[in-house]
Amino acid sequence: MPITRRHIFGVLAGAAAAVGVPSIWISNMKTYDGPVSDHFDGTRFFDPDGAPPKSLAEVLRWQFGTDRKRASWPDWVANAHSDTPPARVSGDKVRLSFVGHVTWLIQTRDLNILIDPVWSMRASPIAFAGPKRHNDPGIAFDALPKIDVVLVSHGHYDHLDIATLSKLTEKFSPRVITPLGNDVTMRDTDAAIKAEGFDWQDRVELGNGIAVTLVPTRHWSARGLFDRNKALWASFVLETPAGKLYIVCDSGYGEGTHFRRVAETHGPLRLAILPIGAYEPRWFMKDQHMNPSDAVKALADCGAEQALAHHHGTFQLTDEAIDAPVNALADALKEAKVPPERFAALKPGQVCEI
């Protein structure tokens, strides 16, 4: 197949979504400016227990290597479920609705919280190329209740979707809680977004007895040509009346260090939401994306009572088949002798209550 200009743009847009490869058409964006710390050198963030991002040469090897085996996804998959959430959930119950990819609506104590909201048709910096949706969101945007808080984990395009954040801001004007630097990205594009940047280990009161702590995760971030790791990335520990929820939107496994530290610092955990997709080829993805076997080990490390899977089945970011993560999760649970009901993979539109 000849490599066309459109193909090159598509590859870069797809890689930007999946692994943060700099987007050549974005050349000058504002970035974080703050004091040096044990994970910020004054210019770029880093994970002392992590791994550096892949080089452009490695990206090109993955994308154009003769040994690449990229599964074909169906163009569109009709959802079997669709959720129309209530306006509020009162009391101590927590209602979690899976929208798709890593987007969740969490409702408790009359507070409505969205995680990494993406309602756009593409997870990409451009409209005509890059990973596109293969199913509808499990909640139609117009069916959303009033959103009070949004948590955005990092700047990759399948997590930080400015178009969706702007629509949410226009309709609901929620607080947006995000790691340092991503607030700069949001406000630089849309000054109306009520973005608040926080560091690892910062605890933020959300109201009604609900709080969130940003915790380290094995990942990294980039959106433009000059901003590699100039914004921070994080997972979330959400304190709810039903217990603590550990929400990991993107992470490699490494040696499991981050998961064990969360157990030690924030345990016991009632529920973990863990990524299981976008993991092939392993030589390229293992440092930044867990596969299902890694996710099962992460569940054991963090010690959560139950887990829900996400980061699969909506955008084809990597090479595995659309159903491979769910099938591999079932195999990994069986091999680890973990009851399948302890780690469930919901479909968009399905709901879990605890």
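These legends describe close-up views of a predicted model.

**View 1. The annotated domain spans residues 112–312.** The name "domain: Metallo-beta-lactamase" comes from an unreviewed UniProt entry. The C-alpha atoms at the two ends of this span lie 24 Å apart. Helix makes up 21% of the span, and strand makes up 25%.

**View 2. D49 and R261 form a salt bridge.** Side chains of opposite charge can pair when their charged atoms come close. Here the N to O distance is 2.6 Å. D49 sits in the loop between helix 1 (5–19) and helix 2 (56–64), while R261 belongs to helix 5 (residues 257–266), so the bridge ties together parts 212 residues apart in sequence. Are the two partners buried or exposed? D49 has 31% relative accessibility, so it counts as partly exposed. R261 has 41%, so it counts as partly exposed too. The model holds 21 salt bridges in total.

**View 3. D83 and R95 pair in a salt bridge.** Their side chains meet at 2.8 Å, N to O. D83 lies in the loop between helix 2 and strand 1 (95–100), and R95 lies in strand 1, so the bridge links parts 12 residues apart in sequence. D83 is buried, because its relative accessibility is 6%. R95 is buried as well, at 10% relative accessibility.

**View 4. E196 and R175 bridge two strands.** The salt bridge between these side chains is 2.8 Å, N to O. E196 is in strand 6 (residues 194–198) and R175 is in strand 5 (residues 175–179), so the pair ties together parts 21 residues apart in sequence. E196 is partly exposed, with a relative accessible area of 24%. R175 is also partly exposed, at 24%. Elsewhere, salt bridges with shared partners join D83, K93, R95 and E353 into one network.

**View 5. I106 sits in the largest nonpolar core.** This core has 38 residues. Which of them touch the most other members? They are I106, I113 and L206. Leaving out residues up to four places away in sequence, the contacts of I106 include V94, L96, L111, I113, L238 and I247. R95 and N112 are also among the residues that I106 touches. Another core lies apart from the largest one. That second core has 25 residues, among them V237, Y246, L269 and I276.

**View 6. Seven strands build an open sheet.** Strands of a sheet pair through backbone hydrogen bonds, either parallel or antiparallel. The strand order here is 7-8-9-10-11-12-13, and the pairing is mixed. Which strands stand at the edges? They are strand 7 (203–207) and strand 13 (343–344). Each has a single partner strand, so one side of each is left without a neighbour in the sheet.

**View 7. Strand 12 meets strand 13, and helix 7 packs on the sheet.** Strand 12 (residues 306–310) and strand 13 run parallel, joined by 2 bridges. A307 has F343 of strand 13 as its bridge partner. Helix 7 (residues 292–302) touches strand 10 (243–247), strand 11 (269–275), strand 12 and strand 13. The direction of helix 7 makes about 155° with that of strand 11.

Terms used. Residues numbered from 1 in each chain as written. Predicted model: local features only at pLDDT ≥ 70, side-chain atom pairs only at ≥ 80, totals over all residues. Heavy atoms only, no water. UniProt positions renumbered as here; feature names shortened; annotations may be inferred. Helix = DSSP H or I, 4+ residues; strand = E, 2+ residues; numbered from the N terminus. Salt bridge = Lys/Arg side-chain N within 4 Å of Asp/Glu carboxyl O. Buried < 20%, exposed > 50% of the residue type's maximum accessible area, 1.4 Å probe, protein only. Core = buried A, V, L, I, M, F, W, Y, C linked by side-chain atoms within 4.5 Å. Contact = heavy atoms within 4.5 Å. Pairing = 2+ DSSP bridges. Axes fitted to C-alpha atoms, helices over the stretch in contact; angles between N-to-C directions.
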